[in-house]
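Work through these exercises with the model open. Each task is followed by a stepwise solution.

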Amino acid sequence: MTTVVALGGNALIGPGERGTAAEQLANLRETAKALAPVLLGGERIVLTHGNGPQVGNELIRQERASKEAPQLPLWLAVAQTQAEIGALIEAAFAPPVACVLTHVRVDPEDAAFERPTKPIGPFYTEERARELERDRGWAVVQDAGRGWRRVVPSPAPLGIVELESIRALVERGTTVVACGGGGIPVADEAGALRGIDAVIDKDRASALLATQLPAERLLILTAVPAVLRGFGTPEQEELRELTVDEAEELLAELAEGSMRPKVQAAAAFVRATGGEAVITSAEALGEALEGRAGTRIHT
């Protein structure tokens with residue numbers, strides 16, 4: 001069996017942490033312990049992960065050092081953090097583990113490019129943000145009353161450039177780290193790849209990778225043990241099992257945010273492959289694999 005495991009942000013940086021290398025490594029070692037039933041069960045594993053805080057830190061470093069060193073485009077910041085986090089995962093998990101720098105094709109005509117929505121990088125005063133908007137052509141918005149930030153598009157992932165390399169490593173029994181941060185967004189141009197400044201949703205990219213490998217199972221690890229219906233209400237309940245039809249119907253009830261794209265990605269994978277998806281936390285994974293926790297989505 002091939003399983004794609006999408007690691008949530010808490011697998012790297014815990015509440016109240018700064019995200020130092022030591023903190024991230026310690027958290028990943030705990031995640032590796034939680035994944036032992038999968039890693040030691042003879043399954044073929046591909047790990048994906050987010051990179052939001054890491055990219056944010058990289059952009060802050062570039063901004064602060066802009067007078068001393070040239071700034072890099074966003075797509076290369078994604079590449080840098082893929083390598084950074086991949087190195088940490090390789091140090092935390094038992095070998096053989098290989099990190100594959102992963103490019104993901106997007107459509108430059110995707111409607112998302114007309115409506116940038118993903119905040120990235122440092123906060124600015126409105127005056128500075130407007131300067132950057134004028135001088136660099138950025139789109140900027142006020143973010144949660146904390147200041148102004150750059151926003152970039154989040155286009156749909158269409159294809160995994162390194163798919164065959166990932167598949168070959170998986171078939172040899174290597175645990176592969178791929179599609180970090182949703183992948184490096186690229187478009188085909190005159191027979192070559194052109195980097196695109198955008199952010200691809202990590203869970204959508206993970207579902208695409210799981211579909212194209214193909215995998216039999218997609219595990220999406222997050223901060224909560226299961227999908228909740230009626231979140232924050234007296235009727236709140238954990239959903240233990242959903243058909244793909246029920247999962248798609250549930251989307252209308254879920255607010256935009258962390259859980260809706262996870263359910264959407266899980267349903268898309270199940271719909272395309274007939275496999276199963278599980279949404280849970282790393283801590284509850286063992287029970288989830290036994291059907292006693294988590295949310296299982298199936299045909």
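This is a predicted model.

**Exercise 1. Place His298 and decide whether it is buried or exposed.**

Step 1. Locate the residue. His298 belongs to strand β17, which covers residues 295-298.

Step 2. Apply the cut-off. Buried means under 20% relative accessible area. His298 has 15% relative accessibility, so it counts as buried.

Step 3. List the contacts, leaving out residues up to four places away in sequence. His298 touches Glu241, Leu242, Thr243, Val244, Val270 and Gly275.

Step 4. Put some of these contacts in context. The strand β15 spans 241-243. The helix α9 spans 259-273.

**Exercise 2. Give the strand order of the open sheet of 8 strands, and name its edges.**

Step 1. Read the order. The sheet runs β3-β9-β2-β1-β12-β16-β17-β15, and its pairing is mixed.

Step 2. Find the edges. β3 (97-99) and β15 (241-243) each pair on one side only.

Step 3. Get the turn between neighbours. On average, neighbouring strands are turned by 20° against each other, direction ignored.

Step 4. Check individual pairs. β1 and β2 are parallel, with 6 bridges. Val4 has Val46 in β2 as its bridge partner. β1 and β12 are also parallel, over 4 bridges. Here Ala6 is partnered by Ile220 in β12. β12 and β16 pair in the parallel sense through 6 bridges, and Leu219 has Val278 in β16 as its bridge partner.

Step 5. Add the helices. α9 packs on the sheet and touches β12, β16 and β17. Its direction makes about 155° with that of β16. α4 lies across β1, β2, β3 and β9, at about 175° to β3.

**Exercise 3. How many residues of β1 are buried, and which way do they point?**

Step 1. Count. In β1, 6 of its 6 residues are buried.

Step 2. Sort by direction. Thr2, Val4 and Ala6 point one way. Thr3, Val5 and Leu7 point the other way.

**Exercise 4. Describe the largest nonpolar core and name the element that gives the most to it.**

Step 1. Recall the general trend. In soluble globular proteins, nonpolar side chains tend to be buried together.

Step 2. Size the core. The largest nonpolar core has 44 residues. Val46, Ile166 and Leu209 have the most contacts inside it.

Step 3. Trace the contributors. Elements giving two or more residues include β1 (2-7), α6 (163-171), α7 (202-212) and α8 (244-250). α9 gives the most, with 7 residues.

Step 4. Look around one hub. Beyond four places in sequence, Leu209 touches Val46, Thr48, Ile160, Leu163, Ile166, Ala178 and Cys179.

Step 5. Look for a separate core. Another core, of 28 residues, lies apart from the largest one. Its members include Val5, Ala32, Val278 and Ala282.

**Exercise 5. Compare the expected span of helix α3 with its end C-alpha distance, then find what covers its buried residues.**

Step 1. Compute the expectation. The expected span is 1.5 Å times one less than the number of residues. For the 13 residues of α3 (residues 52-64), that gives 18 Å.

Step 2. Compare. The end C-alpha atoms of α3 are 18 Å apart, which agrees.

Step 3. Name the buried residues. They are Gln54, Val55, Gly56, Glu58, Leu59, Gln62 and Glu63.

Step 4. Find the cover. It includes α1 (21-34), α4 (74-92), β5 (118-124) and α5 (126-136).

Step 5. Take one residue of α4. Leu74 is in helix α4. Its relative accessible area is 1%, so Leu74 is buried. Outside its neighbours within four places, the contacts of Leu74 include Val55, Leu59, Ile120 and Val152.

**Exercise 6. Give the strand order of the open sheet of 3 strands, and explain why its edge strands each have a side without a neighbour.**

Step 1. Read the order. It is β5-β7-β6, with antiparallel pairing.

Step 2. Explain the edges. β5 and β6 (139-142) each have a single partner strand, so one side of each is left without a neighbour in the sheet.

Step 3. Give the twist. It averages 35° from one strand to the next.

Step 4. Inspect one pair. β6 and β7 (residues 148-152) run antiparallel and are joined by 4 bridges. The bridge partner of Ala139 in β7 is Val151.

Step 5. Add the helix. α5 lies across β5, β6 and β7, at about 125° to β5.

Notes. Residues are numbered from 1 along each chain as its sequence is written. This is a predicted model: local features need pLDDT of at least 70, side-chain atom pairs count only at pLDDT 80 or more; totals for chains, interfaces and linings use all residues. Side-chain values use heavy atoms; hydrogens and water are left out. Buried means under 20% relative accessible area, exposed over 50%, partly exposed in between (1.4 Å probe, protein chains only). Contact means heavy atoms within 4.5 Å. A nonpolar core is a set of buried Ala, Val, Leu, Ile, Met, Phe, Trp, Tyr and Cys residues joined through side-chain atoms within 4.5 Å. Two strands pair if DSSP finds at least two bridges between them. Axes are lines fitted to C-alpha atoms, for helices over the stretch in contact, and angles run from 0 to 180 degrees between N-to-C directions.
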